[in-house]
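Please open the structure in your viewer and keep the selection tool at hand. The tour proceeds by selections, each followed by a description of what is found there.

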Amino acid sequence: MIDLKNVTFSYDNKMIINNLSLNIKKGDKIGIMGESGSGKSTLLKLLAGLYRAESGTVTVDGETEPEAISRKVSVVMQSPMLLPLSIYDNITMGHKYPDSQVERVVKMARLSNWIETLPDGLNTYLGDRADELSGGQAQRIAIARAMCKDSEVLLLDEPASALDSENSKSVLEAIMDYAADKTVVHVTHQAQHLEGYTRIYSLRDGELI
Ligand SMILES: Nc1ncnc2c1ncn2[C@@H]1O[C@H](COP(=O)(O)OP(=O)(O)OP(=O)(O)O)[C@@H](O)[C@H]1O
Ligand SMILES: [Mg+2]
């Protein structure tokens, strides 16, 4: 499902990913740990088709072109990007999904209680208020967005970092239920979030150990 062959990536002249190879089978759950600044988010962006490898090949779900890869993966980035649109549009990103699907991901991302308190509910316009959301609210919208896109590959970069421990546990459990048959790559500093995973790597000096 995911194959990296001799992948190298640098910012300016600073090499972050060094001749890295990795093969992930359909349905595998892969954890990536490593020190702050070791390149975990950079690696995830390569897997998400947001960056192009300097050399080597990145293949995700049969695609090798970054733009095609990005259409085939669902991603929760470390700092979620919200758009000046309604909560609904931030979740669906302009695509048409059945209402039942949107309702399901709102529940799974544990957004229901908060959204019920808003007079316009899911239609609440974030607009200039995107900044007023708590980090956890923004993160849960990003999680709902990724689940709604429903790709075979789910990439998670510290998806629960802004949630309190109870919410984080419940959201991560919901993600794992949802992703039971999907291929997951999950970057985190918290080993307890990777229980039951197929393999856990540490990224160090641009290589996976
Ligand atoms: N856009 C960029 N331009 C230049 N350097 C960058 C850029 N993004 C990240 N870096 C640098 O590349 C290195 C790896 O960054 P990255 O964000 O991938 O680390 P990380 O492992 O995700 O860290 P953290 O655990 O803190 O999220 C860091 O030294 C960082 O400063
Ligand atoms: Mg990071």
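Begin by selecting Ile16 together with its surroundings. Leaving aside its neighbours within four places in sequence, Ile16 is in contact with Phe9, Ser10, Tyr11, Ser38, Gly39, Thr42 and Gly206. Please bear in mind throughout that this is a predicted model. Ile16 belongs to strand β2. Is Ile16 buried or exposed? Its relative accessibility is 10%, and Ile16 therefore counts as buried, since the limit for that class is under 20%. Now add Leu47 to the selection: Ile16 and Leu47 are 31 residues apart in sequence, and their C-alpha atoms are 14 Å apart in space.

**The sheet of three strands**

Next, select β1, β2 and β4. These 3 strands form an open sheet in the order β2-β1-β4, and the pairing is antiparallel. Which strands stand at the edges? They are β2 (14-24) and β4 (55-60); each has a single partner strand, so one side of each is left without a neighbour in the sheet. On average, neighbouring strands of this sheet are turned by 25° against each other, direction ignored.

Helix α1 also belongs in this view. It packs on the sheet and touches β1, β2 and β4, and the direction of α1 makes about 125° with that of β1.

Return to strand β1, residues 2-11, and follow its pairing with β2, which is antiparallel and runs over 7 bridges. Two residue pairs are worth selecting. Ser10 has Met15 in β2 as its bridge partner, and Tyr11 stands opposite Lys14 in β2. The two strands form a hairpin with 2 residues between them; in the turn, Asp12 has a positive phi of about 50°.

On the other side, β1 and β4 pair in the antiparallel sense over 5 bridges. Select Thr8 here: its bridge partner in β4 is Ser55. How many of the 10 residues of β1 are buried? The number is 7, and β1 is thus described as mostly covered.

**Helix α1 and the magnesium ion**

Select helix α1 next. This helix is mostly covered, with 6 of its 8 residues buried. The buried residues are Lys40, Thr42, Leu43, Leu44, Leu46 and Leu47. Just after α1, select Gly49, which takes a positive phi of about 75°.

Now display ligand 2, the magnesium ion. Which residues coordinate the magnesium ion? They are Ser41, through its atom OG, and Gln78, through its atom OE1, at 2.0 to 2.3 Å. Ser41 lies in helix α1 (residues 40-47), whereas Gln78 lies in the loop between β5 (73-76) and α3 (87-92), so the pair ties together parts that are 37 residues apart in sequence. Gln78 counts as partly exposed because its relative accessibility is 41%.

**The sheet of six strands**

Proceed to the other open sheet, which has 6 strands in the order β5-β6-β7-β3-β8-β9 and mixed pairing. Its edges are formed by β5 and β9 (207-208); each has a single partner strand, so one side of each is left without a neighbour in the sheet.

Within this sheet, select β6 (residues 153-157) and β7 (residues 183-187), which pair in the parallel sense over 5 bridges. One residue to pick out is Leu156, whose bridge partner in β7 is His186. Helix α6 packs on the sheet, touching β5 and β6; the direction of α6 makes about 175° with that of β5.

**Two packed helices**

Finally, select helix α6 (residues 135-149) and helix α7 (residues 165-178). They pack at an angle of about 5°, with their axes 12 Å apart. The two helices α6 and α7 are therefore roughly parallel to each other. From α6, the contact is made by Arg140, Ile143, Ala146 and Met147; from α7, by Asn167, Val171, Ala174, Ile175 and Tyr178. By class, this contact of α6 with α7 has 7 nonpolar, 1 polar and 1 charged residues.

The last stop is Asn167, in helix α7. With a relative accessible area of 25%, Asn167 is partly exposed. Not counting residues up to four places away in sequence, Asn167 touches Arg110 and Arg140. To link this stop with the first sheet, select Ser10 as well: Asn167 and Ser10 are 157 residues apart along the chain, and their C-alpha atoms are separated by 36 Å.

Key
Residues are numbered from 1 along each chain as its sequence is written. Chains are lettered from A and ligands numbered from 1 in the order in which they are written. This is a predicted model: local features need pLDDT of at least 70, side-chain atom pairs count only at pLDDT 80 or more; totals for chains, interfaces and linings use all residues. Side-chain values use heavy atoms; hydrogens and water are left out. Donors are N, O and S atoms within 2.8 Å of the metal (3.2 Å for Na, K and Ca); water is not among the atoms, so sites may look incomplete. Helices (H or I, at least four residues) and strands (E, at least two) are DSSP runs, numbered from the N terminus. Buried means under 20% relative accessible area, exposed over 50%, partly exposed in between (1.4 Å probe, protein chains only). Two strands pair if DSSP finds at least two bridges between them. Axes are lines fitted to C-alpha atoms, for helices over the stretch in contact, and angles run from 0 to 180 degrees between N-to-C directions. Contact means heavy atoms within 4.5 Å. Angles under 35 degrees count as roughly parallel, over 145 as roughly antiparallel, 65 to 115 as roughly perpendicular and the rest as oblique. Ala, Val, Leu, Ile, Met, Phe, Trp, Tyr, Cys and Pro count as nonpolar, Asp, Glu, Lys and Arg as charged, and the others, Gly among them, as polar.
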